[in-house]
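Thanks for coming, everyone. I'll walk through one model today, a few places at a time. Have a look at the screen first.

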Amino acid sequence: MEPFVYDVNLAGAIGDGESDDTEAFKNAWNVVCSSHISSGIFRVPYGQKFLLQPLTFNGECRPRNITFQIDGILIAPSDPSSWKCKETNCNNWITFQHFDGLIIQGTGSLHGQGQKWWQMGCMHNKVGFAILDSKNVHISGLTSVDSRKWHISIERSSSVHASKLNIKAPKDSPNTDGIRIQHSTNVTIASSIIKTGDDCIGIGDESKYININRIFCGPGHGISIGSLGENGRRETVEYVTVRRANFYATENGLKIKTWQGGHGYARYIRFEHISFSKVIRPIIIDQYTCPLHQHCKNYSTAVEISNILYNDLRGTTNGEIAVELSCSKSVPCKNIRMKDIQLDYGINGKMYDGHPKSHCLNVVQSWDEGYVYPNVPCLTKKLSY
């Protein structure tokens with residue numbers, strides 16, 4: 001049976017970029033959601049701009065499989081004072097929740113118009129596009145521009161696949177992570193370009209089986225795990241793989257970050273086949289995060305970091321410390337493995353005579369293989385026979 005297709009224009013959307021089309025989108029969703037046909041398509045047509053207030057799509061519908069075909073442009077209100085919110089997910093602009101079988105695709109774009117929000121400070125900002133409490137979700141082809149806060153948030157969800165995304169915000173825009181993953185399992189991010197003012201991809205608590213492949217990142221703060229363990233919380237991340245990522249002019253490359261006094265773990269993490277260009281700090285483990293402007297005292301507890309692989313990482317850094325492993329004294333990092341690392345000092349693609357350094361603190365039962373430059377003294381050389 002052919003899927004049921006419904007265009008937002010049929011529900012009264014104007015699509016001129018100035019008229020508020022929120023109610024028309026809600027009405028169109030009610031029509032699709034109540035259809036008796038097993039699959040439905042919610043269509044946003046090419047060539048039109050739709051101004052939308054905060055909007056939630058709830059997937060508890062009759063059709064089992066839903067497709068959002070977004071080929072037009074979605075625009076958020078530019079002025080924070082014009083934000084109208086009566087929904088339960090007031091912290092998000094567009095929310096998809098309680099879906100099992102969801103496709104969001106198209107050639108369209110989401111314009112968060114975050115400039116005025118950034119001036120207010122990140123605590124006031126709203127997430128652009130959120131996937132909550134859902135499974136079997138596929139997102140592809142879309143562009144997200146100038147989100148107020150995180151561009152895409154994936155929370156309490158499983159079996160989510162996102163690919164061919166283009167995410168962008170100015171390099172000085174605060175807290176504009178490209179994709180933020182939390183409390184989620186079996187998430188794949190692939191073949192996407194992310195240029196933001198914060199993490200290209202951030203992985204938070206209760207995330208496992210996360211696969212990141214063929215990502216271009218920069219500008220931004222790199223790909224981050226954490227921060228974990230704030231205010232003594234127990235937080236966990238495991239089974240993360242990052243492969244074939246390219247970092248250009250980022251502040252950080254691959255980062256694992258935890259708070260002093262936390263509990264939990266970050267483990268079974270693989271970084272492989274990575275290239276860097278003009279990255280200030282390509283490799284970082286930092287377990288000494290503490291509140292801003294406060295003295296960072298030592299604690300007897302820490303998030304445990306173990307079983308981390310760095311394999312085939314190459315490129316240039318324009319910072320002094322290319323490899324920083326600053327681990328907890330009370331719970332040292334262990335089973336850190338580095339293999340075939342070549343990080344030279346260079347700017348604008350040109351290598352110079354400067355020698356990047358490494359910093360190593362409280363790392364045990366760890367080793368390197370093959371050629372590793374700069375040398376990391378706390379790693380034991382593993383000999384090949």
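**The loop with His221**

His221 sits in the loop between strand E20, residues 207-217, and strand E21, residues 223-228. Keep in mind that this is a predicted model. Now, why start with this residue? UniProt lists His221 under "active site", and the entry is unreviewed. So much for the record.

What is His221 in contact with, leaving aside its neighbours within four places in sequence? Gly197, Asp198 and Asp199 make one run of partners. Glu251 and Asn252 are also in contact with His221. One of these partners has a polar atom in reach: the side chain of His221 comes to 3.4 Å from the backbone oxygen of Gly197.

**Strand E14 and its partners**

Next, strand E14, residues 152-155. Which strands does it pair with? Start with E11, residues 127-132: four bridges join this strand to E14, and the two run parallel. For a landmark, take Ala130, whose bridge partner in E14 is Ser153.

Then E17, residues 179-182. Again there are four bridges to E14, and again the strands run parallel. Here the landmark is Glu155, with Gln182 as its bridge partner in E17.

Are the faces of E14 covered or open? Both are covered. On one side, Ile152 and Ile154 are buried. On the other, Ser153 and Glu155 are buried too. Put that together with the bridges: Ser153 is buried and pairs with Ala130, while Glu155 is buried and pairs with Gln182.

**Two buried residues**

First, Ser163, in strand E15, residues 158-163. Its relative accessible area is 13%, so Ser163 counts as buried, the cut-off being under 20%. Not counting residues up to four places away in sequence, Ser163 touches Ile139, Ser140 and Gly141. Ala190, Ser191 and Ser192 are touched by Ser163 as well.

Now Val242, in strand E22, residues 234-243. Is Val242 buried or exposed? Buried, because its relative accessibility is 0%. What surrounds it? Leaving aside neighbours within four places in sequence, the contacts of Val242 include Ile212, Ile223 and Leu254. Arg270, Phe271, Glu272 and Ile274 are in contact with Val242 too.

One last distance. Val242 and Ile189 lie 53 residues apart in sequence. In space, their C-alpha atoms are 9.5 Å apart.

That's my tour. Questions, please.

How values were computed: Residues are numbered from 1 along each chain as its sequence is written. This is a predicted model: local features need pLDDT of at least 70, side-chain atom pairs count only at pLDDT 80 or more; totals for chains, interfaces and linings use all residues. Side-chain values use heavy atoms; hydrogens and water are left out. Buried means under 20% relative accessible area, exposed over 50%, partly exposed in between (1.4 Å probe, protein chains only). Two strands pair if DSSP finds at least two bridges between them. UniProt positions are given in the numbering used here, feature names are shortened, and annotations may be inferred rather than shown by experiment. Contact means heavy atoms within 4.5 Å. A polar contact is a pair of N or O atoms within 3.5 Å; within protein, one must be able to donate a hydrogen and the other to accept it, and residues adjacent in sequence count only if both atoms are side-chain atoms.
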